[in-house]
Amino acid sequence: MIHILFSISSVYFLKAALEDLGTNKIENDSFFSFWDMFSVGPIWRLHEEIGKESRFNWLKHMMNDQYEDLHEYKIRFQQTNDQIYSRTRKEKIYHFRYK
């Protein structure tokens, strides 16, 4: 199973919670963490270059990049994206939607 979370600390908390529940199968699970809050800004087609560029341009416009974090953000985003897609190519992906 693949778990996608939005901070590295949430990865550790989820692993601990699953272990506390007695879930012994988490060694086969993959845990990924994005350094982002997807509740704001464009998220359209993030799996494609056009979507990533839209997100990066929005961030550049909205963010004070005085510490040059945007470059590091792009690198981390692409690394996490690559890790997820290398894993999901081998597995079926399920999408759940709330009504």
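**A walk through the chain to helix H3**

Let's start on the outside: the chain exposes about 8000 Å², with 55% of that supplied by carbon and sulfur atoms (accessible areas come from the Shrake-Rupley method with a 1.4 Å probe, and for residues only the protein chains shown count as cover). Keep in mind that this is a predicted model, where local features need pLDDT of at least 70, side-chain atom pairs count only at pLDDT 80 or more, and totals for chains, interfaces and linings use all residues. Residues are numbered from 1 along each chain as its sequence is written, and side-chain values use heavy atoms, leaving out hydrogens and water.

Now for the layout. You'll find 3 helices and 2 strands, and along the sequence they follow the pattern β-α-β-α-α. Helices (H or I, at least four residues) and strands (E, at least two) are DSSP runs, numbered from the N terminus. Of the 99 residues in the chain, 24% are buried, meaning under 20% relative accessible area with a 1.4 Å probe, counting protein chains only.

Next, look at who touches whom. Among contacts (heavy atoms within 4.5 Å) with a separation of 6 or more, 56% are between residues 24 or more positions apart.

Helix H3 has some nice examples. Thr80 sits in helix H3 and counts as buried, at 10% relative accessibility. Setting aside neighbours within four places in sequence, Thr80 contacts Phe32, Ser33 and Phe34. Phe32 is 48 residues away along the chain, yet its C-alpha atom and that of Thr80 are separated by 6.9 Å.

Asn81 is also in helix H3, which covers residues 69-88. Asn81 is buried because its relative accessible area is 7%. Outside its neighbours within four places in sequence, Asn81 contacts Phe34, Leu46 and Lys52.

Notes: Buried means under 20% relative accessible area, exposed over 50%, partly exposed in between (1.4 Å probe, protein chains only).
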